[in-house]
Amino acid sequence: MRKLELQPGSLLIAPPSMPDPRFQDRVLLLVQHETTGSVAFTLNKPTDYVINDILDEIGVDGNLPFPLYWGGPVKSSAVWMLHDSDWTLERSVEVNQDWSMTSSHEMFHHLCDGDTPQYFRFLHGISTWGPGQLEGEIRGEHPWSPSSSWLIAPNPGSDWVLECPEEHLWEQAMEVAKDQFVADLF
């Protein structure tokens with residue numbers, strides 16, 4: 001049985017046999033993991049939208065052509081900026097020493113003024129699990145199996161994750177976690 005190494009900042013990597021089509025070939029960043037449940041953002045599922053598409057709706061005047069990614073199926077109207085922890089605002093929430101997340105109109109104003117983090121990604125929506133649910137999936141409890149459960153890469157750092165082109169992130173993350181995948185098959 002695989003040892004659980006879940007902590008904020010860990011990557012959850014969909015194995016090749018992921019049963020949920022929304023998460024096939026996807027890499028998620030775990031941003032919260034507590035006894036009350038877990039929250040993660042999908043990092044490598046771009047949408048057809050950019051932040052400019054929503055600026056008028058929220059009353060911000062500026063030019064932010066940054067891509068918007070699908071973060072998950074829950075709270076899909078919320079827009080978050082996942083960023084390195086060297087850049088923070090009053091409402092930023094620390095994930096761990098490498099990551100923070102922000103969701104406020106203030107972040108758009110700072111970006112329009114040229115104040116940007118070194119590494120960041122905009123996401124709409126989140127993925128959530130109830131108490132113990134994510135651990136059960138990772139252990140391969142029904143309806144999951146060890147070969148179809150999440151693989152884990154502990155805290156790879158914001159630079160590695162956000163410098164990797166999203167179309168290669170899953171393959172690169174699988175390379176990091178390949179020993180887990182092979183061990184689960186036997």
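Helices and strands are DSSP runs, numbered from the N terminus, with at least four residues for a helix and at least two for a strand. With that in place, good morning. The structure I am presenting is a predicted model.

I begin with Cys 164, which sits in the loop between helix H4 (158-163) and helix H5 (166-185). Is Cys 164 buried or exposed? Its relative accessibility is 11%, and because buried means under 20%, Cys 164 counts as buried. Leaving aside neighbours within four places in sequence, its contacts are Arg 121, Leu 169 and Gln 172. Cys 164 can also be set beside Asn 44: the two are 120 residues apart along the chain, and their C-alpha atoms are separated by 9.9 Å.

Arg 121, a contact of Cys 164, brings us to the largest pocket, since Arg 121 is among its lining residues. The volume of this pocket is about 170 Å³. Which elements give two or more residues to its lining? They are strand E5 (67-70) and strand E9 (120-129). E9 gives the most, with three residues. Other members of the lining include Phe 66, Gln 118, Leu 162 and Glu 166. By character, the lining divides into seven nonpolar residues, one polar and two charged.

I turn next to the interior. In soluble globular proteins, nonpolar side chains tend to be buried together. In this model, the largest nonpolar core has 41 residues. Those touching the most other members are Leu 11, Leu 12, Ile 13, Val 31, Leu 82, Leu 134 and Trp 150. Taking Leu 11 as an example, and not counting residues up to four places away in sequence, its partners include Val 27, Leu 43, Ile 152, Trp 160 and Val 161. A second, separate core of 15 residues includes Leu 64, Trp 87, Phe 108 and Phe 120. Phe 120 also appears in the lining of the largest pocket.

My last topic is charge. Side chains of opposite charge can pair when their charged atoms come close. How many salt bridges are counted here? The count comes to two. One joins the side chains of Asp 20 and Arg 22, at 2.7 Å from N to O. Within that pair, Asp 20 is buried, with a relative accessible area of 18%, whereas Arg 22 is partly exposed at 39%. The other joins Glu 141 and Arg 139, at 3.0 Å from N to O. Here Glu 141 counts as partly exposed, at 40% relative accessibility, and Arg 139 counts as partly exposed too, at 32%.

Thank you for your attention.

Note on methods: Residues are numbered from 1 along each chain as its sequence is written. This is a predicted model: local features need pLDDT of at least 70, side-chain atom pairs count only at pLDDT 80 or more; totals for chains, interfaces and linings use all residues. Side-chain values use heavy atoms; hydrogens and water are left out. On a 1 Å grid over the protein atoms alone, a cavity is a set of points where a 1.4 Å probe fits but cannot get out, and a pocket is an open set with protein on both sides within 12 Å along at least five of seven lines; lining residues have an atom within 4 Å of a point. Grid points are joined across faces, edges and corners, and a volume is the space filled by probe spheres set on the points. Ala, Val, Leu, Ile, Met, Phe, Trp, Tyr, Cys and Pro count as nonpolar, Asp, Glu, Lys and Arg as charged, and the others, Gly among them, as polar. A nonpolar core is a set of buried Ala, Val, Leu, Ile, Met, Phe, Trp, Tyr and Cys residues joined through side-chain atoms within 4.5 Å. Buried means under 20% relative accessible area, exposed over 50%, partly exposed in between (1.4 Å probe, protein chains only). Contact means heavy atoms within 4.5 Å. A salt bridge is a side-chain nitrogen of Lys or Arg within 4 Å of a carboxyl oxygen of Asp or Glu.
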